[in-house]
Each structure stands twice: as structure tokens, then as C-alpha cells.
Amino acid sequence: MKKSFINFFIVLLLILMHPNGYAQKVITKTGNIKFQATVPSYEEVAAENKSVSAILDQSTGDFAALALVKGFRFKVALMEEHFNENYMESEKFSKATLKGKLEDFDISKITGTPKNFTLKGDLTIHGKTKPVAVILKIAKAANGLSTVGSFEVKPEDFDIEIPSLVRKKIADKIKISYNFLLVK
């Protein structure tokens with residue numbers, strides 16, 4: 001395991017063990033991220049990762065999510081292999097992260113009806129970090145908070161090279177959808 005990945009989980013563990021920290025933080029280790037890069041008339045380019053970790057500090061609005069790149073599953077095994085080896089270089093860049101703060105977040109105003117919050121922070125993919133503003137739809141769920149939404153990224157913004165041979169078969173903008181059930 002990479003040192004930074006281990007450090008993330010150590011920090012997460014320390015936060016959860018802190019006597020005042022646990023009550024305000026909600027987490028998941030089974031979050032879901034899907035991405036769609038399909039172009040009409042070509043083979044589907046899509047994958048899903050069902051083991052994404054995320055944490056939200058309800059008192060501050062601080063949010064972080066971590067996805068292991070090798071956790072994405074494709075319908076076609078060869079496509080998954082090319083994704084990891086040729087495009088994402090997952091041996092070198094093993095994780096993707098999103099870290100930031102929800103603007104005007106107030107847990108007392110969260111109900112069963114989803115409410116939009118803007119997360120301003122940093123998205124790191126393929127070893128490159130870019131500032132982002134992402135909308136998170138948050139609602140109360142039976143045992144925590146439901147967080148869903150989507151946003152788009154361009155491969156070139158993260159130095160992901162798409163060979164000219166397949167360039168027309170992959171969308172210029174990749175749609176990333178997420179779904180997290182964050183619990184105490």
C-alpha cells in the first residue's frame with residue numbers, strides 16, 4: 001500500500017477515536033462512484049467503484065472522499081486493463097481524492113428532502129490536483145445522510161493522455177456520478 005493511503009486511514013481512525021470527533025462525523029467505506037465516457041455509436045466506456053471511502057464533519061462542513069483507482073470495474077475486462085495500465089497508470093497513481101468544504105453547511109437544516117450544497121475544494125486524479133466546485137445533494141436518511149450528485153472532468157485537465165487511435169471513442173468530458181450513505 002502507498003504511504004499516503006495508509007496515512008489517510010490513520011487520520012480517519014484518529015478522528016473517529018477522538019472523544020468529541022465521533023459524534024459530528026459521518027462516514028462510509030462503501031460509497032459508489034460511476035463514470036461514463038461513452039460516445040454514441042461506439043462501445044460503452046463506463047465503470048463503477050463500490051468501495052469508496054468518504055467522511056463529512058457535520059460541525060464544519062469539511063468533506064473528503066477517496067477512491068482506489070483499481071476499484072473501478074468495467075463490463076469488459078480488457079477495457080479495465082487498459083484503463084489501469086495505459087490511461088490511469090494505477091500502479092503509480094493509485095487513488096483519486098476529493099477534499100473540500102461545503103459552503104453554508106448547517107446540519108440542522110437537513111431534512112428528508114435533498115438540499116444542494118457547493119463543495120469547494122480540490123480534486124486529485126492521476127497525481128494532478130485541480131480546484132473544483134461540486135454540487136452535493138444531501139438529505140437525511142434512516143441512519144445517516146444520503147449524498148448524491150454528479151460532475152464532469154476532462155482527461156487532459158489531469159494529464160491523462162488518450163491515444164489518437166481511440167480519441168473519438170471516448171467522450172471529451174467524463175461524467176462522474178456519486179452516491180454515499182454516510183453514517184455515524
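Student: In this predicted model, is glutamate 89 buried, partly exposed or exposed?
Tutor: Glutamate 89 sits in the loop between α2 (77–87) and β4, and it has a positive phi of about 45 degrees although it is not a glycine. Buried would require under 20% relative accessible area and exposed over 50%. Because its relative accessibility is 30%, glutamate 89 counts as partly exposed.

Student: Serine 41 also has a positive phi; is serine 41 buried or exposed?
Tutor: Most residues other than glycine have a negative phi. Serine 41, which is not a glycine, nevertheless has a phi of about 80 degrees, and its place is the loop between β1 and β2 (46–57). Since the threshold for the upper class is over 50%, the relative accessibility of 77% means that serine 41 counts as exposed.

Student: Is asparagine 32 buried or exposed, and which residue shares a side-chain polar contact with asparagine 32?
Tutor: Asparagine 32 belongs to strand β1 (residues 25–38), and because its relative accessibility is 16%, it counts as buried. Leaving aside residues up to four places away in sequence, asparagine 32 touches Glu48, Asn49, Lys50, Ser177, Tyr178, Asn179 and Phe180. A polar contact of 2.5 Å joins the side chain of asparagine 32 to that of glutamate 48.

Student: In what order do the eight strands close into a barrel?
Tutor: Along the sequence the protein follows the pattern α-β-β-β-α-β-β-β-β-β, with two helices and eight strands in total. The eight strands close into a barrel with antiparallel pairing, and neighbouring strands of this sheet are turned by 25 degrees against each other on average, direction ignored. The order is β1-β2-β3-β4-β5-β6-β7-β8.

Student: Which residue in β5 is the bridge partner of lysine 99?
Tutor: Strands of a sheet pair through backbone hydrogen bonds, either parallel or antiparallel. Here strand β4 (residues 95–102) and strand β5 (residues 115–125) run antiparallel and are joined by six bridges. The partner of lysine 99 in β5 is aspartate 122.

Student: Among contacts between residues at least 6 apart in sequence, what share joins residues at least 24 apart?
Tutor: For the protein as a whole, buried residues make up 43% of the 184 residues, while the accessible surface comes to about 10,600 Å², of which 55% belongs to carbon and sulfur atoms. Among the contacts between residues at least 6 apart in sequence, the share that joins residues at least 24 apart is 61%.

Conventions. Residues are numbered from 1 along each chain as its sequence is written. This is a predicted model: local features need pLDDT of at least 70, side-chain atom pairs count only at pLDDT 80 or more; totals for chains, interfaces and linings use all residues. Side-chain values use heavy atoms; hydrogens and water are left out. Two strands pair if DSSP finds at least two bridges between them. Helices (H or I, at least four residues) and strands (E, at least two) are DSSP runs, numbered from the N terminus. Axes are lines fitted to C-alpha atoms, for helices over the stretch in contact, and angles run from 0 to 180 degrees between N-to-C directions. Buried means under 20% relative accessible area, exposed over 50%, partly exposed in between (1.4 Å probe, protein chains only). Contact means heavy atoms within 4.5 Å. Accessible areas come from the Shrake-Rupley method with a 1.4 Å probe; for residues, only the protein chains shown count as cover. A polar contact is a pair of N or O atoms within 3.5 Å; within protein, one must be able to donate a hydrogen and the other to accept it, and residues adjacent in sequence count only if both atoms are side-chain atoms.
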